[in-house]
Amino acid sequence: MQSADLKAVVTGGASGLGEATVRAIRERGGRAAIFDLNAEKGAALAAELGEGVSFHAVDVTDEAAVAAALDAADAAMGGLNMAVNCAGIAIAEKVVGRDGPHDLGRFRKVIDINLVGTFNVMRLAAARMAANTPNADGERGVIVNTASIAALEGQKGQIAYAASKGGVAGMTLPAARDLAREGIRVNTIAPGLFETPMFEGLNEEAKAELAKDVLFPRRLGRPAEYAALVLFLAENPYMNGALVRIDGGIRLP
Ligand SMILES: NC(=O)c1ccc[n+]([C@@H]2O[C@H](COP(=O)([O-])OP(=O)(O)OC[C@H]3O[C@@H](n4cnc5c(N)ncnc54)[C@H](O)[C@@H]3O)[C@@H](O)[C@H]2O)c1
């Protein structure tokens with residue numbers, strides 16, 4: 001699928017990796033619909049990028065809200081052939097900490113947003129893409145989900161986050177299999193450490209400490225580097241059912 005032809009819903013598109021994806025799609029002539037809870041940042045980005053980019057205030061876990069936002073996005077873009085799931089949250093809490101066992105509600109919340117939210121948008125977007133007229137490669141759509149290297153190398157305190165991202169990684173192949181007949185590809189990106197608002201409060205020294213195990217280049221990833229991978233996955237018709245790391249070679253200790 002050529003970037004200029006993309007009509008992409010980007011969840012979490014108001015910030016960080018999602019924002020970079022929206023910018024990259026727009027730069028290459030595609031259209032994007034930002035799905036995000038953060039109305040202030042989402043609306044500002046849509047206003048900055050202008051025609052071809054719309055903002056939809058939506059919680060990815062809300063069935064009715066996502067369905068309604070997909071209607072609006074479809075109308076705004078004149079169709080829908082891509083979904084990029086970047087909406088997510090991270091918490092730090094151990095299985096058993098100083099105050100006792102991990103709070104079950106907080107565990108459920110991370111699973112709900114990162115895993116169930118990704119699935120919710122994937123299923124509703126794919127159902128729409130299935131009605132598209134296939135392009136020259138027989139494609140009706142492409143889906144990119146965002147896991148994390150924590151899916152494979154979760155660290156202390158990452159039990160909920162790692163479980164949610166392990167779920168996202170695990171959905172990749174069965175989703176690609178389920179949607180093959182419809183001509184919809186599904187790939188998942190597992191980012192390493194990226195310089196997004198998640199790390200905004202850190203000074204250069206703290207960033208260098210985080211990046212010390214990155215092989216090369218020894219720095220945090222740039223959101224534009226993630227976005228370039230999203231576009232590669234959209235454009236290369238033979239990429240399907242893959243979990244792709246982008247992490248400068250780091251393996252979390
Ligand atoms: N930054 C990293 O180093 C890194 C590494 C690995 C994986 N990731 C993953 O990449 C994705 C993007 O991360 P980021 O660093 O850009 O984070 P970010 O906090 O900058 O952006 C996440 C966006 O998701 C939105 N969001 C959160 N919950 C939502 C919900 N229920 N409905 C709709 N929108 C919601 C937020 O408002 C925010 O705009 C996340 O899934 C994160 O887990 C990030």
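Helices (H or I, at least four residues) and strands (E, at least two) are taken here as DSSP runs, numbered from the N terminus. Residues are numbered from 1 along each chain as its sequence is written. The model is predicted, and local features therefore need pLDDT of at least 70, side-chain atom pairs count only at pLDDT 80 or more, while totals for chains, interfaces and linings use all residues.

A useful place to enter the structure is V58, which sits in the loop between β3 and α3 (63-77). V58 is buried because 27 other C-beta atoms lie within 10 Å, where a residue counts as buried with 20 or more other C-beta atoms within 10 Å of its own, as exposed with 12 or fewer, and as partly exposed in between, C-beta atoms being placed from the backbone. Leaving aside residues up to four places away in sequence, V58 touches F35, A65, V66 and A69, a contact meaning that the C-beta atoms of two residues, placed from the backbone, lie within 7 Å. V58 and T11, although 47 residues apart in sequence, are 8.8 Å apart in space, C-alpha to C-alpha.

F35 leads to strand β2 (residues 31-36), of which six of six residues are buried. R31, A33 and F35 on one side of β2 and A32, I34 and D36 on the other are all buried, so that both faces are covered. Strand β1 (residues 7-11) pairs with β2 in the parallel sense over five bridges, pairing requiring that DSSP find at least two bridges between two strands, and K7 stands opposite R31 in β2. β2 also pairs with strand β3 (residues 53-57), in the parallel sense and over five bridges, with H56 in β3 as the bridge partner of F35.

From β2 the chain crosses through helix α2 (residues 39-49) to β3, in a right-handed β-α-β crossover; right-handed means that, with the strands pointing away from the viewer, the path from the first strand over the helix to the second runs clockwise. A right-handed β-α-β unit is likewise made by β1, helix α1 (residues 16-27) and β2.

Beyond the loop that holds V58, α3 meets helix α4 (residues 104-129), with E63, V66, A67, L70 and D74 in α3 against N120, V121, L124, A125 and R128 in α4.

Key
Axes fitted to C-alpha atoms, helices over the stretch in contact; angles between N-to-C directions.
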